[in-house]
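Let's take a walk through this one, from its cysteines to its pocket and a few odd corners of backbone. Keep the viewer open as you read.

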Amino acid sequence: MGEGATGTRRVVVTGLGAVSPLGIGVKASWEGLLAGRSGVGVISRFDASSLPVRIAGEVKGFDPLAYVDRKRARHLDRFAQFAIAAALEARESSGIVVEDEPERVGVVIGSGIGGMETFEAQHQTMLERGPGRINPFFVPMMIANMAAGEVSIELGARGYISAPVTACATGANAVGEAYRAIARGDADVIFAGGTEASITPMAIAGFAAARALSTRNEEPERASRPFDRDRDGFVMAEGSAVLVLEELEHARRRGAAILAEICGYASVADAYHVTAPDPEARGATHALRRVLEQARCRPDEVGYINAHGTSTIYNDRSETLAIKQALGEAAWRVPVSSTKSMTGHMLGAAGAFEAMVAVLTLVHGAIPPTINLENPDPECDLDYVPGEAREQAVRVAISNSFGFGGHNVVLLFRRDTL
C-alpha cells in the first residue's frame, strides 16, 4: 500500500456530493461560488415575522423523493435527507461500487444539532395532543448520528461508521476522522461529511438570543460579510457535503479519478470559552502548524486557505491572527476567502462543504471570493479575495473550521503529490 509522510496509508479524495443554499449538487454550488452569488434570503420555511432574525441560507427546491421513496422520506428528518442526497452524488462521481466489498466501505457523517425540525414539531404535538400522539419514529429521526446510519443503509456500506458532533467543526472532524480510519487500515473507502437542517424557530431564536446572528433583515444578500468592519454576526444556513475518501492504491487499482490527497488533519482545543474564540488564537495557530508539519509543507507553499470566516467580530480577528502566527511572512501572500459570505453558516455541514471547496480549488485552479467585503476591518488585513473569484493554480489548499466549545479543526489537501 502507498505510504505518506507519517508512514501510514495515503488517503485521497475520489468523489464529491453537495446540497447547499447555492443549489442542489456540486456543480450548482461551485458555479454559484465562482459567480459570487449569495444564497441568503428571507426565511420561507416558516413564519419568522415575530423573530429578531428573519433571514437564512435555505436550500431551495429540494425534493427528497428524488432520492428516497415517499414512505421512507416521511421517516427522515431533513438533515438526513440532505446527507443521503449528497452521499448518492458522491457515490456517482467516485464510481465506487459499494457492493463489491461492503465491509471495507464506511460512513463518517456528523451533524452539529441533528433533527431539530423533528424535535420542535414533536414537542408541539406533546404539548397540544399529549404523549400518546408522539411519532414512534421521533427518536430515530432526531438523533444526530442518524444521518450516518441512514446513509450506510442507503449505500449498503457495512464497514467503519461514526458520527462526530463538534458544533461548527463537525463536518471537518468527520473528514479528518475518516482520513485517520483509512490511514490506519480500518477501511478502504469512507463516505465522510456533515449535514444540517436547523433553520427552525427555536434554533434561530436561540442563536439570536446569544447575539451570534446578523440582524440585517432588509438586506439578506449583504448580511454575511466576513472580515468587513460592518459585520454584525453570522447567517444561519443548511445543507450537506460528502466526500469519498479512499486509500490511494485502492483508488488506483480501480482507475478512479483522484481529485486530491489529504496530507494533514489537526483537531485541538482552545480550553478558553464555550462560545468565544481564544483572542490569542493559540488553538487555531497550533492546528495550522500541525497540519503543515504533518504534510511537510512550508508556509510559502500554501496556495489557498478556505477560512472559517463566520462574519462575527471575534472569530474573524482571531482566525486572521492564527494565520499570521502560523504562516509568518507568507500569510500576506496567501489568498484567503470565506465562502460563508455566499452560503451563510451551514453549522455541522460547513466544515465538509468548505473542505470540498478546498479540493475544487486544486482541481479547477480557481479561488472563490469573499463577497460583501466593502470596508475591511483594520485588524483583518490579509488577502481575502474580495468581490470576485480569482483564476490561480493551487498546489496546497487548507480548510479551517472552528466550533463552540473551543474546537479547532484544520485540513490540508495537496494535488502535487499524486
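A disulfide here is a pair of cysteine sulfur atoms within 2.5 Å. Chemically speaking, it is a covalent bond between the sulfur atoms of two cysteines. By that test, the structure holds zero disulfides.

Before going on, a word on where the numbers come from. This is a predicted model, in which local features need pLDDT of at least 70 and side-chain atom pairs count only at pLDDT 80 or more, while totals for chains, interfaces and linings use all residues. Residues are numbered from 1 along each chain as its sequence is written, and side-chain values use heavy atoms, with hydrogens and water left out.

Back to the cysteines. The sulfur of Cys 168 has its closest cysteine sulfur in Cys 380, and because that is 18 Å away, it is too far for a bond. Looking from the other side, the sulfur of Cys 380 finds its closest cysteine sulfur in Cys 168, again at 18 Å and too far for a bond. How covered are they? We'll call a residue buried under 20% relative accessible area, exposed over 50% and partly exposed in between, using a 1.4 Å probe and protein chains only. Cys 168 is buried at 10%, and Cys 380 is buried at 3%.

Next, a helix to look at. Helices (H or I, at least four residues) and strands (E, at least two) are DSSP runs, numbered from the N terminus. Helix H3 covers residues 78–94, which makes 17 residues. The expected span of a helix is 1.5 Å times one less than its number of residues. For H3 that comes to 24 Å, and its end C-alpha atoms are 24 Å apart, so the two agree. H3 is mostly covered, with 13 of its 17 residues buried.

Both ends of H3 are worth a click. At the N-terminal end, Asp 77 acts as a cap, with a side-chain oxygen 3.1 Å from the backbone nitrogen of Phe 79. That fits the rule for a polar contact: a pair of N or O atoms within 3.5 Å, where within protein one must be able to donate a hydrogen and the other to accept it, and residues adjacent in sequence count only if both atoms are side-chain atoms. After H3 comes Gly 95, with a positive phi near 75°.

Ser 38 offers another contact with backbone. Its side chain reaches the backbone nitrogen of Val 40 at 3.1 Å. Ser 38 sits in the loop between helix H1 (26–34) and strand E3 (41–42), and at 18% relative accessibility it counts as buried.

Now for the empty space. On a 1 Å grid over the protein atoms alone, a pocket is an open set of points where a 1.4 Å probe fits, with protein on both sides within 12 Å along at least five of seven lines; lining residues have an atom within 4 Å of a point. Grid points are joined across faces, edges and corners, and a volume is the space filled by probe spheres set on the points. The largest pocket has a volume of about 550 Å³. It is lined by 31 residues, and the closest to its centre are Thr 275, Pro 277, Thr 312, Asn 315 and Phe 404.

Which elements each supply at least two residues of that lining? They are helix H11 (313–327), strand E14 (396–403) and strand E15 (407–414). H11 gives the most, with five residues. By class, the lining has 13 nonpolar, 13 polar and five charged residues. In this scheme Ala, Val, Leu, Ile, Met, Phe, Trp, Tyr, Cys and Pro are nonpolar, Asp, Glu, Lys and Arg are charged, and the others, Gly among them, are polar.

Two alanines come next. Ala 271 has a positive phi of about 50° although it is not a glycine, and it lies in the loop between strand E9 (260–269) and helix H10 (282–294). Ala 281 is found in the loop between E9 and H10, with a positive phi near 55°. Are they buried or exposed? Ala 271 is exposed at 76% relative accessibility, whereas Ala 281 is buried at 1%.

Finally, try Thr 215, in the loop between helix H8 (201–209) and strand E8 (239–247). Thr 215 is partly exposed, at 47%. Its C-alpha is 7.8 Å from that of Arg 54, although the two residues are 161 apart along the chain.
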